[in-house]
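Q: Please take me closely through one part of this predicted model, going slowly enough that I can follow each step in the viewer. I would like the charged pairs first, and then the part of the fold that they lead to.

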Amino acid sequence: MSFNDLGLKAELVRAVSEKGYDSPTPIQAQAIPLVLEGRDLMGSAQTGTGKTAGFTLPLLQRLAATPPPQQGRRPIRALVVTPTRELAAQVHDSIVNYGRYLSLKSTVVFGGVSINPQKQKLIRGVDILVATPGRLLDHVGQRSVDLSRVELLVLDEADRMLDMGFIHDIRKVLALVPKQKQTLLFSATFSDDIKKLANGLMKSPALIEVARRNTTVEAIEQTVHPVDKSRKRELLSFLIGSERWQQVLVFSRTKHGANRLAGQLVADGINAAAIHGNKSQGARTRALAEFKSGKVQVLVATDIAARGLDIDQLPHVVNFDLPNVPEDYVHRIGRTGRAGREGEAVSLVCVDELKLLKDIERLIKREIPKRIIEGYEPDASIKAEPIENGRTQNRNKPRRNSSGNGKRPSAKFNPKSGPKPGQKSGNQRNQGRRAAA
């Protein structure tokens, strides 16, 4: 199947071809015709399989079918809401690239930068607005946006927006858009909370799940390296040097940890930079650009900053810390192995993280191979300690430690079997991250 077979305009097919894409991915092949029909849609696929083009291409075609007004301010006819700045910028780039031969105008708004230039673009009028929830409501408060004529609403990475505590902001946005509209909800995973949100928002939506929920891309080679917590940084530097890794995305659980690790890697002679919610937007954009260009060899990121990073042919992802929420593991390693390419995902796991590892393996329904690196064997006498999870307290649930039962775990590291599965770990959600978006 080609993009021509999906009923797309010649202008869109030409733009897609110029980006080097000849045939649609499974999520695109299924989603595009349904969106062109005007159907509400819930679309789920593995990270890196082309969800963005799955909604931007038919969105552009539907808007292009109705010419913009010749005079007066253009009304916002399509609104795309994303959880993070990086993802908003990525989606807008796709809209600009795919819509280059159409007479549609678009812009993107997010926090961390001055609001005034954004206001000027909005006042001049755009057909398509891409926004993070917090900054969008800032513009609503300053009356620089009018959402009363939105025809298409897209909630991208909806699971992450709920994780980040944006549900109240999303409800405010929903109250500002017309009830009669087409709604598209895209996400790498669909939780029960997402389905509950969709039930109150969408009308008989079509449901697309290209792969079963919470699966990982088969092209990604996953490996766990057991190691003591105190030697993780040393092992990471060894792997980067001995394996000659040239471009590595490393995940840290906390912002402070990301800064500290980046500094340690620089001290080891490795060109590294950190990216997280406390960094200014200019610093985040610069670090990402230098990483993509190869000037920065290692980018150390937190989960919030990494969602939406679109890096072509990224070969290596490293979990320096395992995530507290198992679903985040799927998102993390999905930064590599994109569009069917091969990739490698390495996790450095200490005894404290054995319960988290079991939760991840239970989620993805597979055991991740363990390989001890000679010279970095974990000390079997070390007892597990509670993990500082780096997340703020959930507004609706009491804070729990990573063991899920409030008790100090005592498992020793056994690379073959690990600890016996215990009580399911708390699904701690960060509810205080609006400023980061």
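A: **From the charged pairs to the sheet**

The side chains of R74 and D127 form a salt bridge, with a nitrogen-to-oxygen distance of 2.6 Å. The two partners come from distant parts of the chain, 53 residues apart, with R74 in the loop between α3 (51-64) and β2 (78-81) and D127 in the loop between α5 (116-124) and β4 (128-131). Both R74 and D127 are buried.

A second pair leads to the part that deserves the close look. E353 forms a salt bridge with K232, and their closest N and O atoms are 2.7 Å apart. Here too the pair links distant parts of the chain, since E353 sits in the loop between β13 (343-349) and α15 (354-364), while K232 belongs to helix α10 (residues 232-242), 121 residues away. Both of these residues are buried. The pair also belongs to a wider arrangement, a network of salt bridges that links K232, R253, D321 and E353.

For contrast, consider a salt bridge whose partners have some access to the surface: the side chains of K9 and E11 meet at 4.0 Å, N to O. K9 counts as partly exposed because its relative accessibility is 29%, and E11 is likewise partly exposed, with a relative accessible area of 30%. K9 is also among the residues touched by Q61, along with G7, L8, L12 and L36, when residues up to four places away in sequence are not counted. Q61 itself is found in helix α3, and it counts as buried because its relative accessibility is 13%, which falls under the 20% limit for that class. In the chain as a whole, the count of salt bridges comes to 20.

Now to the sheet, which can be read strand by strand. Six strands form an open sheet in the order β8-β13-β12-β9-β11-β10, and the pairing is parallel. β8 (220-226) and β10 (272-275) stand at the edges, and each has a single partner strand, so one side of each is left without a neighbour in the sheet. On average, neighbouring strands of this sheet are turned by 20 degrees against each other, if direction is ignored.

Within that order, β9 (residues 248-251) is a good strand on which to centre the view. Four bridges join β9 to β11 (residues 298-301), the two strands running parallel, and on this side V248 stands opposite V298. Four bridges also join β9 to β12 (residues 316-319), again in parallel. Two of the facing pairs on that side can be named: the bridge partner of V250 in β12 is V318, and F251 stands opposite N319.

The two faces of β9 are worth checking as well, because each is covered: V248 and V250 on one side, and L249 and F251 on the other, are all buried under the 20% limit for relative accessible area.

Helices account for part of the surroundings of this sheet. Helix α11 (residues 255-267) lies across β9, β10 and β11, and its direction makes about 175 degrees with that of β10. Returning to the sheet as a whole, with the strand order β8-β13-β12-β9-β11-β10, α10 packs on the sheet and touches β8, β9, β11, β12 and β13, running at about 155 degrees to β13. This is the helix that holds K232, the residue paired with E353.

One further residue can be located from a neighbour in space. D379 lies in the segment after α15, and its C-alpha is 8.1 Å from that of V227, although the two residues are 152 residues apart in sequence. D379 is partly exposed, with a relative accessible area of 38%, and its side chain makes a polar contact of 2.7 Å with the side chain of S381.

Finally, the chain as a whole gives these details their setting. It has 15 helices and 13 strands, and buried residues make up 58% of its 437 residues. Of the contacts with a separation of 6 or more, 77% are between residues 24 or more positions apart. The chain exposes about 18,900 Å², of which carbon and sulfur atoms supply 46%.

Note on methods
Residues numbered from 1 in each chain as written. Predicted model: local features only at pLDDT ≥ 70, side-chain atom pairs only at ≥ 80, totals over all residues. Heavy atoms only, no water. Buried < 20%, exposed > 50% of the residue type's maximum accessible area, 1.4 Å probe, protein only. Pairing = 2+ DSSP bridges. Polar contact = N/O pair within 3.5 Å; in protein donor to acceptor, adjacent residues only side chain to side chain. Axes fitted to C-alpha atoms, helices over the stretch in contact; angles between N-to-C directions. Contact = heavy atoms within 4.5 Å. Areas by Shrake-Rupley, 256 points an atom, 1.4 Å probe, with all protein chains shown as cover.
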